[in-house]
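Biologist: Could you walk me through how to read the sheets and helices here? I would like the general idea before each case.

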Amino acid sequence: MNSFDLRQEFEEFFIKEAWLLDNDKYDEWLDLFDDDTRYWAPVRENLDRGNENFAKPHLLSHFDDNKMTLGFRVKRLATGYAHAEEPPSRTRHFVSNVQILEKETDRVRVESNFIVFRGRPGKDETFFVGVRRDWWRKDPTGWINEERMVIFDHDVIESITIFF
Amino acid sequence: MSDFTSLVDLKNKTVHPRVFVDPEIYKAEQEKLFGRCWLFIGHESQVPNQGDYVTTYMGEEPVIFVKDRSDRLRVFLNSCRHRGVKVCRKDHGNTKIFTCPYHGWSYNTEGGLQGVPQIREAYHNDLDKDKWGLIEVPRVESHYGLVFACFDEESQSLTEYLGSFAFYLDLILRRSKGGTVSTPGTHRWRMPGNWKLASEQFAGDNYHADTLHRSPNLIGLGPDEYRGGTPWDTDFEAKCSNGHGWINFHLPSEDIPPVQAEYMKQLEKEAQEVLPPRQAALINGVQVGTIFPNFSILGFLGFTTIRVWHPRGPKEMEVWSWGLIERDAPPEIVEITRKMQCLTFSPSGIFEQDDGCVWGEITDTLSGQNRINYPLNYQMGAGHGKELADKPGLLHPPSTEIGVFGYHEHWREMMGRK
């Protein structure tokens with residue numbers, strides 16, 4: 001498959017993924033992740049140009065989950081006691097600027113920008129903006145996520161109660 | 001000048017809703033609390049070398065925390081003496097000089113005004129550079145790695161200020177031979193709600209955990225039923241001097257994941273060598289505390305977060321939170337505890353999210369012109385606290401609001417000072 005087709009495939013794939021998140025299909029969304037996935041969002045730092053280093057050992061992350069802990073977050077929403085998501089937020093994920101960064105035999109590294117709207121009761125409205133850098137593996141069942149690094153463009157962020 | 005002392009009713013143990021929503025009170029707090037109390041600045045390990053700096057806030061004021069050329073820790077207002085622009089705009093780094101981006105006045109790490117563009121031609125050499133150094137926060141002291149600063153030159157020492165609370169703080173800071181370091185990066189997030197709601201909760205509100213934080217238990221992340229340790233002995237809350245408060249309870253060893261259990265066992269052994277026995281016996285548990293006015297610490301299973309609840313108007317706070325870990329902790333423990341922190345107490349923390357949501361609603365409802373007339377109840381446990389020989393403070397097993405109200409008693413005292 002050439003890069004153009006692959007890019008198109010991921011654009012469609014991300015539209016479906018966003019649909020799952022915006023329509024309460026968290027269990028199906030969770031199925032996209034490998035057990036050993038790393039779903040994380042390193043904190044941003046205001047430093048000299050070029051000095052920000054997401055690979056810095058032990059750097060704090062807004063979240064840093066594998067499938068098990070991501071699963072905790074999904075299960076928590078269903079308890080009825082995840083008060084920050086009761087009643088549930090209205091979310092809308094917009095995913096764009098999809099680029100294939102690297103291609104291996106059965107793995108691909110894909111980047112995509114996002115804008116996510118979160119509406120809470122009252123005029124409690126938040127936009128989250130950033131980029132996702134993913135590794136996806138081609139499985140017989142479809143694409144499986146091996147890593148998603150969410151890089152927010154926010155410095156001081158709002159409480160993160162939703163998924164990206 | 002208003003009298004704020006009547007807002008905390010010592011006899012009935014109530015607090016007036018104005019304390020959490022009133023802009024006039026908020027403004028007075030900047031002077032009476034943030035201008036006079038010891039405020040957390042950073043950890044010594046953030047500035048190991050000469051010229052290392054970190055920028056942070058004391059209340060609403062941006063400050064620079066720097067190690068100068070003779071290894072002295074100093075804190076300056078991050079504001080040029082000429083027009084007030086920030087002279088340091090990075091989170092952290094190393095420098096010999098802080099230069100204002102506006103007109104180029106520059107300052108050394110001792111705060112001295114070093115360079116002034118056109119000092120000869122434009123100022124005719126009339127400018128006395130010695131008088132125009134960075135504004136320095138006069139008091140900077142540290143307690144086993146934690147650095148605090150105070151704007152009040154007359155203030156008691158940090159050691160006196162911490163008072164009996166140091167006994168509890170040291171259960172984390174001094175449980176190992178090497179002491180603690182802070183891990184890289186800062187969680188920074190905004191939460192709705194008055195900053196004191198967070199501070200008071202960490203000072204002694206264990207009562208909320210069973211209800212507000214029920215969801216982590218329901219998904220198997222906590223014991224189904226807390227079996228606990230021994231009331232008064234390992235399970236207690238302590239109201240300490242100066243409004244500080246501590247919550248302590250034992251974690252049953254069967255509930256601890258093996259790697260961390262092993263690590264805690266090793267820490268317990270080390271603690272016996274470095275701490276007096278009555279402190280060493282309390283190492284392994286859930287520990288939560290607040291140093292008045294806005295610094296809190298929380299730890300369990302080897303993971304520790306320290307944080308400041310920066311005031312951002314009466315109805316919003318900005319949390320700055322860091323991880324603490326033993327200097328000699330193996331990298332896998334640093335990783336496990338870091339991930340625990342991200343999962344539990346962070347912008348996405350499955351505990352912390354729900355705290356933020358209720359704090360916001362409190363300040364919303366209390367602003368109502370009718371609701372504001374009805375006081376808030378802090379009566380739980382009043383009169384039932386005890387002083388014990390083996391640990392300081394006024395004690396009571398969880399749950400009690402003796403410590404939470406103690407926080408407001410001290411608020412009352414500070415707000416009443418001339």
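Modeller: Gladly. Helices (H or I, at least four residues) and strands (E, at least two) are DSSP runs, numbered from the N terminus. This is a predicted model, where local features need pLDDT of at least 70, side-chain atom pairs count only at pLDDT 80 or more, and totals for chains, interfaces and linings use all residues. Residues are numbered from 1 along each chain as its sequence is written, with chains lettered from A and ligands numbered from 1 in the order in which they are written.

Biologist: Which strands does helix α1 of chain A lie across?

Modeller: Contact means C-beta atoms, placed from the backbone, within 7 Å. Axes are lines fitted to C-alpha atoms, for helices over the stretch in contact, with angles from 0 to 180 degrees between N-to-C directions. Helix α1 (residues 3-22) of chain A crosses β3, β4 (107-120) and β6 (142-152) of chain A, at about 155° to β3(A).

Biologist: In what order do the strands of the open sheet in chain A come?

Modeller: Strands of a sheet pair through backbone hydrogen bonds, either parallel or antiparallel. Pairing here takes at least two DSSP bridges. The six strands run β2-β1-β6-β5-β4-β3 in chain A, with mixed pairing. Because β2 (61-65) and β3 (90-103) of chain A each have a single partner strand, one side of each lacks a neighbour in the sheet.

Biologist: How does strand β14 of chain B pair with β20 of chain B?

Modeller: β14(B) and β20 (residues 316-326) of chain B are antiparallel, joined by six bridges. There, B:His187 stands opposite B:Ser321. Two bridges also join β14(B) to β7 (residues 157-158) of chain A, in parallel.

Definitions and conventions: Two residues are in contact if their C-beta atoms, placed from the backbone, lie within 7 Å.
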